[in-house]
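Please open the model in your viewer, with side chains available for display, and follow the stops below in order.

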Amino acid sequence: MLIEYGVSPGKIVKIFSTTETAEIVNLWMSVFGKNKQGCNTKAFKWHIFSGGRYPSIAGNDARQAYFKQIAHEFVVLPNDNECAVLTDRLPDHCDLSDYYVFPQNMAWVMAFTHEEGWLGPYFAEHPEYIKLNNENLQLVRKAQQKAEAQSKGWL
């Protein structure tokens with residue numbers, strides 16, 4: 001499976017299969033796309049946000065919210081539903097024109113668009129953002145504690 005796009009910073013820790021990616025898309029749509037009527041989500045899932053079908057913030061406000069997010073790992077989902085990847089750092093660059101970044105529990109999503117500056121990017125929170133974000137923060141703390149223990153030779 002060849003991934004023809006770069007994501008940085010960080011490294012890709014997993015390439016999802018086409019079946020796994022389809023499951024991710026279905027789950028993503030069940031959270032963020034429930035009210036997709038009237039939006040051409042087959043062309044661009046981010047039309048959910050640009051069409052006002054799911055609450056989001058756009059432009060520089062979206063970027064500011066995005067760069068405040070903390071999670072252990074991040075899914076990068078291409079708009080064309082090609083294989084998603086999991087990366088170990090919050091991406092600030094991807095070679096794709098239209099893609100989505102979110103933690104595995106979908107506490108939030110950042111939708112990057114080819115129309116940036118006019119439409120997007122968009123940042124949206126899951127309806128249970130606080131609970132899910134707390135789970136993400138706990139995972140980060142556990143990973144930091146494990147790394148510290150390993151650096152001291154305790155593990």
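Is Glu-148 buried, exposed or partly exposed, and what is its relative accessible area? Select Glu-148 to see that this residue is partly exposed, with a relative accessible area of 42%, where buried means under 20%, exposed over 50% and partly exposed in between, using a 1.4 Å probe and protein chains only.

Before moving on, note that this is a predicted model, in which local features need pLDDT of at least 70 and side-chain atom pairs count only at pLDDT 80 or more, while totals for chains, interfaces and linings use all residues. Residues are numbered from 1 along each chain as its sequence is written, and side-chain values use heavy atoms, with hydrogens and water left out.

Now add Lys-152 to the selection: Glu-148 forms a salt bridge with Lys-152, with 3.0 Å between the closest N and O atoms. The term salt bridge is used here for a side-chain nitrogen of Lys or Arg within 4 Å of a carboxyl oxygen of Asp or Glu. Lys-152 is itself partly exposed, at a relative accessible area of 46%. Elsewhere, salt bridges with shared partners join Glu-128, Lys-131 and Glu-135 into one network.

Within that network, select Glu-135 and Lys-131, whose side chains meet in a salt bridge at 3.6 Å, N to O. Both residues lie in helix H4 (residues 129-151), four residues apart, which is about one turn of the helix; helices (H or I, at least four residues) and strands (E, at least two) are DSSP runs, numbered from the N terminus. Glu-135 is partly exposed at 32% relative accessibility, and Lys-131 is partly exposed at 48%.

Next, select Arg-63 and Glu-116, which are joined through their side chains by a salt bridge of 2.4 Å, N to O. Arg-63 lies in helix H3 (residues 59-66) and Glu-116 in the loop between strand S8 (108-112) and strand S9 (122-125), so this pair ties together parts that are 53 residues apart in sequence. Arg-63 is partly exposed, with a relative accessible area of 24%, and Glu-116 is partly exposed as well, at 40%. In total, the structure holds five salt bridges.

The last stop concerns cysteines. How many disulfides does a search of the whole structure find? The search finds zero, a disulfide being a pair of cysteine sulfur atoms within 2.5 Å. Select Cys-83, whose sulfur is 14 Å from the closest cysteine sulfur, in Cys-94, too far for a bond. Cys-83 is buried, with a relative accessible area of 8%, and Cys-94 counts as buried at 7%.
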